[in-house]
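Reader: Could you walk me through one part of this model up close? I'd like to see how a single stretch of strand sits among its neighbours, and then what goes on around the helix and the aromatic rings.

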Amino acid sequence: MATIKYRQTEAFFDSSDGFPCVCFIYGESYLVSRTFKQVCEFLTGRDKNRLALEIFEADEITTGDIIELISTFSFLMSGKIIGIKNCDGNASWSGAGFLSLGSLIEKGFPENHFLILTATTIDSRKKFF
């Protein structure tokens with residue numbers, strides 16, 4: 001796990017051999033939104049392959065849905081980016097769901113599949129962080 005500050009994102013993109021399959025962006029809402037856009041542009045423009053981009057609000061999706069989306073292959077694209085916005089303390093995400101998502105992250109996603117989570121506030125005491 002690496003922590004990258006907003007001013008370091010461009011340098012990270014330039015120096016990174018491979019982008020992590022899970023990215024958690026948090027902080028001030030304008031910077032979160034801008035960084036989310038930069039990450040998506042970096043991933044979709046890094047090679048000739050096309051990636052599908054699917055964006056959801058955290059309160060409108062379950063961890064089971066996220067697992068299904070990230071594990072499912074696209075027929076028309078070579079990979080996908082699943083963006084989950086506003087993950088600030090979503091109470092509907094269960095502990096069991098997080099365990100399943102954590103297991104999938106440890107096992108690894110299909111090639112060219114990325115999960116990007118955003119939040120404006122975080123509680124670093126929680127397991128989610």
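**A strand pair and its surroundings**

Author: Let's start with two strands: E2 (51-57) and E3 (79-85) run parallel to each other, paired over 7 bridges. Keep in mind that this is a predicted model. Between these strands comes helix H3, residues 63-71, and E2, H3 and E3 together make a right-handed β-α-β unit.

Now zoom in on Lys80, which sits in strand E3. Across the pairing, Lys80 is the bridge partner of Ala52. Is Lys80 buried or exposed? With a relative accessible area of 5%, Lys80 falls under the 20% cut-off, so it counts as buried. What does its side chain reach? The answer is the backbone oxygen of Leu69, at 2.9 Å. Leaving aside residues up to four places away in sequence, Lys80 touches Leu51, Ala52, Glu54, Leu69, Thr72, Asn112, His113 and Phe114.

Next, helix H2. This helix covers residues 29-45. With 17 residues at 1.5 Å a residue, H2 should span 24 Å, and its end C-alpha atoms are indeed 24 Å apart, so the two values agree. At the N-terminal end, Glu28 acts as the cap: one of its side-chain oxygens lies 3.1 Å from the backbone nitrogen of Tyr30.

Which residues of H2 are buried? They are Val32, Thr35, Phe36, Gln38, Val39, Cys40 and Leu43. The cover over these buried residues includes H1, E1, E2, E3 and E4 (113-119), so our two paired strands turn up here again.

That leaves the rings. The model has 3 aromatic pairs. One of them joins Phe19 and Phe42, with centres 5.6 Å apart and planes at 45°, which makes the pair tilted. Why is this pair worth a look? Phe19 belongs to the loop between helix H1 (9-15) and strand E1 (22-26), while Phe42 belongs to H2, so the pair ties together parts 23 residues apart in sequence. Phe19 counts as buried, at 12% relative accessibility, whereas Phe42, at 22%, counts as partly exposed. Ring pairs also bring in Phe114, linking Phe19, Phe42 and Phe114 into a cluster. And Phe114 takes us back to where we began, as one of the residues that Lys80 touches.

Definitions and conventions:
Residues numbered from 1 in each chain as written. Predicted model: local features only at pLDDT ≥ 70, side-chain atom pairs only at ≥ 80, totals over all residues. Heavy atoms only, no water. Phe/Tyr/Trp six-rings, centres within 6.5 Å; stacked < 30°, edge-to-face > 60°. Helix = DSSP H or I, 4+ residues; strand = E, 2+ residues; numbered from the N terminus. Buried < 20%, exposed > 50% of the residue type's maximum accessible area, 1.4 Å probe, protein only. Expected span 1.5 Å × (residues − 1). Contact = heavy atoms within 4.5 Å. Polar contact = N/O pair within 3.5 Å; in protein donor to acceptor, adjacent residues only side chain to side chain. Pairing = 2+ DSSP bridges. Right-handed = clockwise from strand over helix to strand, strands pointing away.
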